[in-house]
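Colleague: Take a close look at the aromatic packing in this structure, and set what you find against the rest of the fold. Start with one ring, and say how well it is shielded and what it pairs with.

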Amino acid sequence: MALDLELNKIIISLQAEERSRRKQALEEILKNISQEEILERPDHLVKIWESVHRFIVRIINDDMETCRDLTVEILQIFLQVLPPDDKHIIYILPIMSKRLGMQELIEPSEEVRLKCVSLLRTIILKYKDLLGPYVQDVTGILTRTVIDNYPNVKKESCKCISDYAKTLSRHFYSQSEYLIKPILTNFTHQHYRVRLAAVEAIGHVIQYGNSKSVEEVSTPLAQRLFDQSGIVRKAVIEVSGHWLVKLPDRYGWWHRLLPLIMTGLHDELAEIRKRAADLWDAAGKLYLEENENDEKLKDKMDFLVEDLEHYPPEISRPNLGCRVIAQQNLCKLINGISVELGDWLPDIRVRSAQLLCVLILNVEENVTQHIEKLLPPMYRACNDEDRRVANCVETAARYLGYFVQPKIYCHLVLPTLDESPTAGHLRVFAAIISGSERKALSQHLDEIANFLKQPDICRSKKSNYQRQILLCCNSLLVVCKEDCVMVTQALFIIIFTTYAMSAEPLVREEAERLLEILVDVNSLRNVQDLFCHYVRPLIMLINEDCASWTVYSAESQIFCACLSRSEVAMSRNMDLALSVFKKTMGKDADPELKLRYFILLSEYFLNNQNLHCHIEDPHKFVSAIIEELIVPGLIWAAGRAAEAIRTAAVGCLCAILQNKVMNSENENEADSFKKEKSRVSITTEQFLSIFDEIAPVLVSLIDDKAKKTRLYSMRAICLLVTIGQKLSCLNDEHIYRTYPVILKRLDDGCDDVRYAAVEALVDVWSAVPQDYDTVAGRSHVDALYTTMIIHLDDPETRFQKIMLDALKLVAKIYPELLHQKLHSCRPNFRNKIGVDALLEYCQNIFKRN
């Protein structure tokens with residue numbers, strides 16, 4: 001009786017116009033039904049429900065938020081405890097549908113909307129099939145709440161949809177398509193928990209709903225594999241893995257599910273990679289169980305080898321079921337991968353490349369029939385600026401090498417390379433070669449090496465291209481090892497051409513390393529041995545049209561590299577080198593090229609002092625070099641280019657004159673003069689011929705405008721005199737022809753030239769014989785002393801000292817004349833100390849004599 005009175009009071013308050021009374025009544029109900037003794041006596045709770053539920057349901061539409069909030073809480077408690085009965089929800093769901101499921105949202109409070117969705121979730125779990133008549137209302141509510149602005153409402157709605165799908169699967173099938181798009185809007189939400197809930201909800205919607213929607217959700221799910229949150233990515237893998245084994249008509253959707261699970265095999269988190277591998281393995285095993293009666297599959301299980309002999313190391317081979325699934329769907333995936341390898345988003349290109357790697361490992365030799373479609377996008381991807389993309393595609397290409405025969409890929413790759421070679425083409429080709437089996441590849445070594453050595457393939461100045469062509473050579477050497485002996489000449493041409501044309505130190509280092517490998521493969525002693533065996537065919541290959549070379553020509557760069565790198569080998573092939581020099585250093589040749597060759601020749605002669613040991617006919621060689629190359633370069637011509645060439649030519653002449661091919665140094669001071677003479681590589685007649693030809697030109701060049709030309713010319717004359725002394729073939733006339741012009745250089749405007757002139761005078765006059773006729777040559781000695789004495793009083797103290805030392809060295813020629821001239825002109829000198837020192841030196845000579 002007391003309860004009835006209490007309920008009557010509450011009912012009256014619930015209908016009151018004052019908000020406070022309605023609120024107070026709701027609070028009273030909430031307080032009563034929350035008591036344990038009431039909850040333990042369902043008959044009391046039912047009685048309360050029967051009395052108040054019509055009034056409570058109306059308050060869901062109340063103007064006061066607090067009242068609506070309390071009402072939803074009360075309904076939640078009642079519906080959780082009361083036994084399921086459709087009359088309990090007959091009013092609730094339509095009202096909720098009106099407030100939450102309309103296009104224009106009526107319920108303004110986020111908290112109330114959240115509690116309403118929680119209430120709906122409770123109803124779904126409790127009432128199950130009783131909700132059949134209300135599925136459209138439920139669907140309408142959830143399609144609206146799942147796109148709510150409040151993140152918690154979104155999450156709760158996604159969980160509610162999952163429960164809806166699992167609990168009312170029979171009714172849900174027809175409703176699932178309405179929920180797909182609203183859920184997908186949450187895939188890009190800023191809160192990762194919302195994204196996670198949405199992914200899980202999509203998993204259940206597809207599992208229990210119409211699986212045709214896989215087409216619609218696969219792309220958004222794939223995009224979530226780029227999610228910054230590992231939890232979200234793992235959820236995608238879990239969903240796709242679950243579909244692989246549980247989705248009713250999954251066989252028709254393999255091509256949509258494989259990219260999802262296979263991409264997870266390359267996730268940055270080890271936990272996700274392992275989970276993806278386990279799920280994929282389970283899918284393969286289930287496929288084998290389901291198709292154990294298939295005759296073709298039986299044959300494969302009985303006869304195929306489980307572990308291949310030639311297989312990528314440290315890679316676990318997928319089970320047969322996985323391989324069969326991938327092979328059946330490869331044709332549907334190839335086009336998509338090819339397109340996405342060129343996508344504008346780097347992450348998509350990376351994922352596509354990773355997917356390609358996994359796919360090739362699963363389809364194995366079946367990739368052969370699709371390789372023609374795969375290669376072009378792989379070429380482009382290997383030119384990608386993003387290293388991740390290029391590296392993944394390179395790995396995929398290496399896997400191709402394990403499963404595609406060289407006969408097939410050579411037929412496809414080489415013609416494409418011939419048309420438009422790029423670094424990407426070569427990188428893919430190198431990777432494929434690196435994965436090939438030795439025996440199969442060795443049969444095509446000749447074809448590959450001869451193709452790569454073609455001028456339009458191996459002669460590039462682009463660093464990246466050069467690195468990739470060296471990578472091709474490296475792959476051939478690593479895979480085929482000693483079998484590469486048969487193509488050593490071709491590999492040498494490719495590697496050395498790249499070395500010659502590269503300006504990047506790292507590329508040159510790699511080329512050097514590969515040359516060392518070639519040495520080992522051919523069992524040679526060192527790289528010089530390799531050059532001796534293979535440099536001649538290379539020179540013969542490039543010298544056909546050498547007259548048209550410029551400094552930028554590939555052939556010119558190769559020849560220069562031969563000259564600077566293959567020391568002994570070039571000495572043994574000087575007949576070919578001279579032929580090239582004659583054609584490229586003629587009158588009409590490129591001035592810049594001539595200059596470069598003179599400089600290279602200078603370095604070559606300075607760095608290779610044992611040329612006479614390797615050149616077949618040193619006498620002929622020296623004559624040809626000087627007469628046909630050096631002398632034409634010394635002839636004066638107008639212009640700065642001609643001036644530079646003259647300087648380089650006279651510098652080259654100095655290098656030749658210093659080389660042992662013409663000027664052997666005395667190795668042992670105790671050697672006799674006869675033995676020293678026998679080691680000089682040219683004859684007396686040849687020397688005199690050379691002297692007569694070049695001395696007049698050098699004398700004229702001592703007056704050249706260029707400082708270095710003047711310096712080198714005097715140096716060359718000194719070297720000629722030194723060689724003449726060793727051959728004992730100089731006479732007075734040789735000295736008289738050279739010294740006057742050197743004397744003039746004592747007044748040169750350049751101090752370096754003046755110092756060099758003093759040194760040259762000493763060297764030239766030191767060649768006079770012991771029995772020199774001072775009477776006959778008095779005028780020449782007088783001219784020498786007179787000029788030198790004048791410069792003893794030079795304004796520069798350093799030059800005075802140098803001149804004093806020089807005069808002491810030449811004083812022995814005719815000391816009496818020098819003493820006489822010094823004594824007569826001493827009063828006119830400022831440098832009396834120098835004059836006195838020289839007079840004293842002359843007197844000492846008299847005493848010794």
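Modeller: Y164 counts as buried in this predicted model, because its relative accessibility is 1% and the cut-off for buried is under 20%. F172 also falls under that limit, so it too is buried, at 0% relative accessibility. A search of the whole structure turns up 20 aromatic pairs. Among them is the one between Y164 and F172, with 5.1 Å from centre to centre and 80 degrees between the planes, an edge-to-face arrangement.

F559 and F581 give another example: their ring centres are 5.2 Å apart and their planes stand at 75 degrees, so this pair is edge-to-face as well. F559 belongs to helix 32 (residues 554–565) and F581 to helix 34 (residues 574–584), so the pair ties together parts that lie 22 residues apart in sequence. Both F559 and F581 are buried.

Rings also join into a group. F492, F496, Y499, F531 and Y534 are linked by ring pairs into a cluster. One member of that cluster, Y499, has a charged partner: R508 lies over the face of the Y499 ring, at 4.3 Å from the ring centre. A similar placement involves R754, which lies over the face of F799 at 4.0 Å from the ring centre.

Next, some polar side chains. N573 sits in the loop between helix 33 (567–572) and helix 34, the helix that also carries F581. With a relative accessible area of 5%, N573 is buried, because the limit is under 20%. The side chain of N573 makes a polar contact of 2.7 Å with the side chain of R536. Setting aside neighbours within four places in sequence, N573 touches V535 and R536, so for R536 the general contact comes with a polar contact between side chains.

S157 is another buried polar residue, with a relative accessible area of 0%. S157 lies in helix 10 (residues 151–167). Not counting residues up to four places away in sequence, S157 touches V117, L142, T145 and V146.

Two loop positions stand out for their backbone angles. K128 is not a glycine, yet it has a positive phi of about 45 degrees. K128 lies in the loop between helix 8 (110–127) and helix 9 (135–145). Its relative accessible area is 44%, so K128 is partly exposed. E364 is not a glycine either, and its phi is also positive, at about 55 degrees. E364 is found in the loop between helix 20 (346–363) and helix 21 (371–382). Unlike the partly exposed K128, E364 is buried, with a relative accessible area of 2%.

Helix 20 comes up again in the packing of a whole element. In helix 16 (residues 254–264), 10 of the 11 residues are buried, so the helix is largely enclosed by the rest of the structure. The buried residues are W254, H255, L257, L258, P259, L260, I261, M262, T263 and G264. They pack against helix 14 (214–223), helix 15 (230–246), helix 17 (270–290), helix 19 (320–340) and helix 20.

As for the overall fold, the secondary structure comes to 47 helices and zero strands. The radius of gyration is 49 Å, whereas a compact globule of 849 residues would have one near 29 Å. The C-alpha trace spans about 165 × 75 × 45 Å along its principal axes. Even so, 55% of the 849 residues count as buried. Of the contacts with a separation of 6 or more, 72% are between residues 24 or more positions apart. The exposed surface is about 39,000 Å², and carbon and sulfur atoms supply 50% of it.

To return to the request, the Y164 and F172 pair is edge-to-face, and the F559 and F581 pair is edge-to-face too. Y164 is buried at 1% and F172 at 0%.

Conventions: Residues are numbered from 1 along each chain as its sequence is written. This is a predicted model: local features need pLDDT of at least 70, side-chain atom pairs count only at pLDDT 80 or more; totals for chains, interfaces and linings use all residues. Side-chain values use heavy atoms; hydrogens and water are left out. Rings of Phe, Tyr and Trp (its six-membered ring) pair if their centres lie within 6.5 Å; planes under 30 degrees apart count as stacked, over 60 as edge-to-face and the rest as tilted. Buried means under 20% relative accessible area, exposed over 50%, partly exposed in between (1.4 Å probe, protein chains only). Helices (H or I, at least four residues) and strands (E, at least two) are DSSP runs, numbered from the N terminus. A charge sits over a ring if NZ of Lys or CZ of Arg is within 6 Å of the ring centre and within 35 degrees of the ring normal. The radius of gyration is taken over C-alpha atoms; the globule rule is 2.2 Å times the number of residues to the power 0.38. Contact means heavy atoms within 4.5 Å. Accessible areas come from the Shrake-Rupley method with a 1.4 Å probe; for residues, only the protein chains shown count as cover. A polar contact is a pair of N or O atoms within 3.5 Å; within protein, one must be able to donate a hydrogen and the other to accept it, and residues adjacent in sequence count only if both atoms are side-chain atoms.
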